[in-house]
Each structure stands twice: as structure tokens, then as C-alpha cells.
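Colleague: Please give me a close look at one part, the largest pocket and its lining. Which helix gives the most to that lining, and what lies behind it?

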Amino acid sequence: MTTRRLRAIARLTFRNPASLVYLGLVAATAVFVTVDTLFVTHEDASFAGVSLFLLSAPTIFAFLIGGDLSGVAVSESAWFLYVALPLSVLIQSFALGWFVRLLRDASPRHAHPQGA
């Protein structure tokens, strides 16, 4: 991959407003889940971690299916989720940036009516 292509990928993933809002929402949710897990006592299990999976859907589910197909040892290990979740979020952020660029490029540049 060339440096130019890597910069374009990074720009789509990290440097557009839609991706930044998405990544900020994921980061805020991750902080909430961490605080809830470490500092709040619950009588039974907390469902705070489910929100991270919902924010990274549908790509996290593709990773989970791939992990199940590769074996029980992979899909049930903690390292698999620690890798799959951030990768899923980055893929989602890239896709969101690409979609925003696609919409921006498809819209007309000058939408002013003639003669008005």
C-alpha cells in the first residue's frame, strides 16, 4: 500500500465529522462500561457491555461467526474479543466515512435555482 492510500484510509476513518461522532460515542460508551464494570456493584449481571456490541454491529457479528468457524478455543478466548471489537469499530468508522464521501460527491455542487 502506498502512503497516499494509507492517508486516504486514515482520513475516511478519523478525519470526517460523522466518523468522529461515531468514534466519540464508542469511546464514551467504553468509558461508561469500564466504570460500570469496575466501580459499580450489581446484584446480578450488568448489561452495559451489550451497548458496545450494538454500536459495533453488524461487523462484530461477522467476527463472532468467523471465530466460531475457526474453533471453540478462538471464539471463547478473551483476546479474540479484545481484538475483534476495536477492529469492528474501525471498520464501521471507515465505512461511515466512505459513505459520507460518497454522498458528498454525488450531491450537486451548486444547488442554487436559476433566475431566482
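Modeller: Start with α6. This helix gives the most to the lining of the largest pocket, with six residues. Helices here are DSSP runs (H or I, at least four residues), numbered from the N terminus. A pocket is an open set of points on a 1 Å grid, with protein on both sides within 12 Å along at least five of seven lines; lining residues have an atom within 4 Å of a point. The model is predicted: local features need pLDDT of at least 70, side-chain atom pairs need 80 or more, and totals for chains, interfaces and linings use all residues. Numbering runs from 1 along each chain, and side-chain values use heavy atoms, without hydrogens or water.

The largest pocket has a volume of about 350 Å³, taken as the space filled by probe spheres set on the points. Its lining has 13 residues, and L52, F53, L81, Y82 and L85 are the closest to its centre. Three helices each supply at least two lining residues: α2 (17-39), α3 (48-55) and α6 (78-106). Now sort the lining by type. Eleven of its residues are nonpolar, two are polar, and none are charged. Nonpolar here covers Ala, Val, Leu, Ile, Met, Phe, Trp, Tyr, Cys and Pro; Asp, Glu, Lys and Arg are charged; the others are polar.

Next, the core. The largest nonpolar core has eleven residues: Y22, L23, V26, V33, A48, L52, I60, F80, A84, L85 and V89. Such a core joins buried Ala, Val, Leu, Ile, Met, Phe, Trp, Tyr and Cys residues through side-chain atoms within 4.5 Å. Here too, α2, α3 and α6 each supply at least two residues. L52 and L85 belong to this core, and both are also among the residues closest to the pocket centre.

Look at two core members. V26 is found in helix α2. It is buried, because its relative accessible area is 10% (buried is under 20%, exposed over 50%). Beyond four places in sequence, V26 touches L52, L55 and V89 (heavy atoms within 4.5 Å). The C-alpha atoms of V26 and N16 are 16 Å apart, though only ten residues separate them along the chain. I60 is the second member. Leaving aside neighbours within four places in sequence, I60 is in contact with F53, A84, L85 and S88. F53 is one of the residues closest to the pocket centre.

F80 is a core residue as well. Its relative accessible area is 10%, so F80 is buried. W79 counts as exposed, because its relative accessibility is 51%. There is one aromatic pair in the model. W79 and F80 form it: their ring centres are 6.2 Å apart and their planes meet at 85°, so the pair is edge-to-face (centres within 6.5 Å, planes over 60 degrees apart).

Now follow α2 to S19, which is found in that helix. S19 is buried, at 0% relative accessibility. Beyond four places in sequence, S19 touches L12, T13, S93, L96 and G97. For contrast, take E43, in the loop between α2 and α3. E43 is exposed, with a relative accessible area of 86%. The two residues are 24 places apart in sequence and 36 Å apart in space, C-alpha to C-alpha.

Then check the loop after α3. P58 lies in the loop between α3 and α4 (59-70). A cis peptide bond joins A57 and P58, with omega about 5°.

Finish with helix α1 (residues 3-14), where T3 lies. T3 counts as exposed, at 52% relative accessibility. Its C-alpha atom is 40 Å from that of D36, 33 residues along the chain.

Terms used:
1 Å grid on protein atoms, 1.4 Å probe; cavity = no way out; pocket = protein on both sides within 12 Å on 5 of 7 lines; lining within 4 Å. Phe/Tyr/Trp six-rings, centres within 6.5 Å; stacked < 30°, edge-to-face > 60°. Buried < 20%, exposed > 50% of the residue type's maximum accessible area, 1.4 Å probe, protein only.
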